[in-house]
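Student: Could we go through this structure together? I'd like to learn why each label is used.

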Amino acid sequence: MSKDYIVGRIEDIPDKGAVAVKAGRQVIAVFRSGESLYAVHNTCPHKGGLMCEGEFDPERGLVRCPLHFWSWQLDRGELETDPRQMIRTYPVKVVDGEVVLSA
Ligand code: FES
């Protein structure tokens, strides 16, 4: 069962950038492109690269892992080259300027 966490304000996340936040015991990477937010588990399911340090492509909604450069779709969590492989995604929204994650 998921729970909502306020993890900061939208202006805490650089536009076209990402931050890692804690939601309970999980560390989640939150990406921002203008008013759009995406949230994925901060640890790459391949070998543990930190997604918040990956290369964010806001136009395509992708993040490229910093370790071996696999590209993940931020909205659905699918690996670009093999949609059977997934990274966990989380619902995220802005309420009165605060970023609310369900994790
Ligand atoms: S650890 Fe992310 S692609 Fe290998």
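Student: Which residue in β3 is the bridge partner of Lys22?

Tutor: In this predicted model, Lys22 has Val27 in β3 as its bridge partner. A little housekeeping: local features need pLDDT of at least 70 and side-chain atom pairs pLDDT 80 or more, while totals for chains, interfaces and linings use all residues. Residues are numbered from 1 along each chain as its sequence is written, and side-chain values use heavy atoms, with hydrogens and water left out.

Student: What makes β2 and β3 a pair?

Tutor: Two strands pair if DSSP finds at least two bridges between them. Seven bridges join β2 to β3, so they pair, and they run antiparallel. Gly17 standing opposite Arg32 in β3 belongs to this picture too. In the hairpin of β2 and β3, two residues sit between the strands, and Gly24 takes a positive phi near 65 degrees.

Student: How do you know what counts as a strand or a helix?

Tutor: Both are DSSP runs, numbered from the N terminus: a helix is H or I with at least four residues, a strand is E with at least two. By that rule the protein chain has zero helices and eleven strands.

Student: Why are β2 and β4 called edge strands?

Tutor: Start with the sheet: three strands form an open sheet in the order β2-β3-β4, with antiparallel pairing. β2 (17-23) and β4 (36-41) each pair on one side only, and they are the edge strands. From one strand to the next, the twist averages 30 degrees; the axes behind such angles are lines fitted to C-alpha atoms, for helices over the stretch in contact, and the angles run from 0 to 180 degrees between N-to-C directions.

Student: Do β8 and β9 pair, or do they miss the cut-off? What makes the call?

Tutor: Two bridges join strand β8 (residues 78-79) to strand β9 (residues 82-86), and at least two are needed, so they pair. They run antiparallel, with Glu78 opposite Met86 in β9. The hairpin joining β8 to β9 goes through two residues.

Student: Why is Ala29 called buried or exposed?

Tutor: Buried means under 20% relative accessible area, exposed means over 50%, and partly exposed is in between (1.4 Å probe, protein chains only). Ala29 has 0%, so Ala29 is buried. This residue sits in strand β3 (residues 26-33).

Student: Which residues does Ala29 touch?

Tutor: Among them are Val19, Tyr38, Val40 and Met51, not counting residues up to four places away in sequence. Contact means heavy atoms within 4.5 Å.

Student: What makes Tyr38 and Phe56 an edge-to-face pair?

Tutor: Rings of Phe, Tyr and Trp (its six-membered ring) pair if their centres lie within 6.5 Å; planes under 30 degrees apart are stacked, over 60 edge-to-face and the rest tilted. The structure holds three aromatic pairs. For Tyr38 and Phe56, the centres are 6.4 Å apart and the planes make 75 degrees, so the rings pair and the pair is edge-to-face. Tyr38 lies in strand β4 and Phe56 in strand β5 (residues 55-57), so the pair ties together parts that are 18 residues apart in sequence. Phe56 counts as buried because its relative accessibility is 13%.

Student: And why is the pair of Trp70 and Trp72 called tilted?

Tutor: Their ring centres are 6.3 Å apart and their planes are at 45 degrees, so the pair is tilted. Trp70, at 26%, counts as partly exposed, whereas Trp72, at 1%, is buried.

Student: What is special about phi in Phe69?

Tutor: Most residues other than glycine have a negative phi. Phe69 has a positive phi of about 70 degrees although it is not a glycine. Phe69 is in the loop between β6 (62-64) and β7 (71-73), and its 48% relative accessible area makes Phe69 partly exposed. Asp96 has a positive phi as well, near 50 degrees. Asp96 is found in the loop between β10 (92-95) and β11 (98-102), and at 72% relative accessibility Asp96 counts as exposed.

Student: How do you know that the radius of gyration agrees with a compact globule?

Tutor: The radius is taken over C-alpha atoms, and the globule rule is 2.2 Å times the number of residues to the power 0.38. With 103 residues, the rule gives a value near 13 Å; the protein chain has 13 Å, so the two agree.
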